[in-house]
Amino acid sequence: MCASVCLRMRELDAKKYWVALNMVTGVGAVTFRKLLNAFADPQRVFAASRAELRALPGIPEKTVANILQFDLDALLTKELDAIASHHAQIVTINEAAYPDI
């Protein structure tokens with residue numbers, strides 16, 4: 001039982017960064033893709049330094065600042081609660097369940 005619950009908690013912990021990066025002002029589909037290509041996953045984007053983020057072409061300084069200042073705990077909790085209350089799932093672009101566009 002714990003193995004199943006623990007696995008879901010780890011998956012949610014990793015996926016919360018996908019949700020958070022989508023919430024950052026200035027990060028749209030194109031910027032999200034640039035960041036994902038550069039850092040491989042959203043958690044690494046939030047761990048990146050200002051210099052690493054600024055080194056990416058086409059990422060405005062304001063967006064860099066918004067990423068660095070994003071308060072994961074305060075801003076993400078409400079969104080994750082809404083997802084849970086609707087019994088929704090977070091599906092990332094790297095998953096087979098992600099719909100074709």
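In which helix is the place of L35? The place of L35 is in helix 2, and the legends below describe this residue together with other sites of a predicted model.

**Figure 1. Overall arrangement of the protein chain in the predicted model.** The protein chain has six helices and zero strands. Along the sequence, its pattern reads α-α-α-α-α-α. Of its 101 residues, 31% count as buried. Among the contacts with a separation of 6 or more, 53% join residues that are 24 or more positions apart. The protein chain exposes about 6,800 Å², and carbon and sulfur atoms supply 56% of this area.

**Figure 2. Close-up of L35 in helix 2.** L35 counts as buried because its relative accessibility is 0%, below the limit of 20%. Leaving aside neighbours within four places in sequence, the contacts of L35 are L21, V27, A40, V45, L53, L56, I59 and I67. One of these, I59, is 24 residues from L35 in sequence. In space, the C-alpha atoms of L35 and I59 are 8.7 Å apart.

**Figure 3. Close-up of A20 in helix 1.** With a relative accessibility of 0%, A20 counts as buried. Residues in contact with A20, leaving aside its neighbours within four places in sequence, are F46, F70, L72 and L76. A20 and F46 are separated by 26 residues in sequence, and their C-alpha atoms lie 9.2 Å apart.

**Figure 4. Close-up of K15 in helix 1 (residues 2–23).** Is K15 buried or exposed? K15 counts as buried, since its relative accessibility is 18% and the limit for a buried residue is under 20%. A polar atom of the K15 side chain lies 2.8 Å from the backbone oxygen of I90. Besides I90, K15 is in contact with T92 and E95, when neighbours within four places in sequence are left aside.

**Figure 5. The second largest pocket and its lining.** About 260 Å³ of space lies in this pocket. Helix 1 and helix 2 (29–39) are the elements that give two or more residues to its lining. Helix 2 gives the most, with four residues. The lining consists of W18, V19, N22, A29, F32, R33, L36, I90, V91, T92, I93 and Y98. By residue class, the lining of the second largest pocket divides into nine nonpolar, two polar and one charged. I90 and T92, which belong to this lining, are also in contact with K15.

**Figure 6. Buried residues of helix 5 (residues 61–69).** The buried residues of helix 5 are T63, V64, A65, N66 and I67. They pack against helix 2, helix 3 and helix 4 (50–54). I67 is among the residues in contact with L35, whose place is in helix 2.

**Figure 7. Close-up of N66 in helix 5.** N66 counts as buried because its relative accessibility is 15%, under the limit of 20%. Which residues does N66 touch, not counting residues up to four places away in sequence? N66 touches V24 and T25.

**Figure 8. Close-up of A40 in the loop between helix 2 and helix 3 (42–47).** Phi of A40 is near 75 degrees, a positive value in a residue other than glycine. A40 is partly exposed, with a relative accessible area of 45%. A40 is also among the residues in contact with L35.

**Figure 9. Close-up of H87 in the segment after helix 6 (72–85).** H87 is a residue other than glycine with a positive phi, near 55 degrees. Its relative accessible area is 74%, so H87 is exposed, the limit for this class being over 50%.

Key:
Residues numbered from 1 in each chain as written. Predicted model: local features only at pLDDT ≥ 70, side-chain atom pairs only at ≥ 80, totals over all residues. Heavy atoms only, no water. Buried < 20%, exposed > 50% of the residue type's maximum accessible area, 1.4 Å probe, protein only. Polar contact = N/O pair within 3.5 Å; in protein donor to acceptor, adjacent residues only side chain to side chain. Contact = heavy atoms within 4.5 Å. Areas by Shrake-Rupley, 256 points an atom, 1.4 Å probe, with all protein chains shown as cover. 1 Å grid on protein atoms, 1.4 Å probe; cavity = no way out; pocket = protein on both sides within 12 Å on 5 of 7 lines; lining within 4 Å. Points joined across faces, edges and corners; volume = space filled by probe spheres on them. Nonpolar A, V, L, I, M, F, W, Y, C, P; charged D, E, K, R; others polar.
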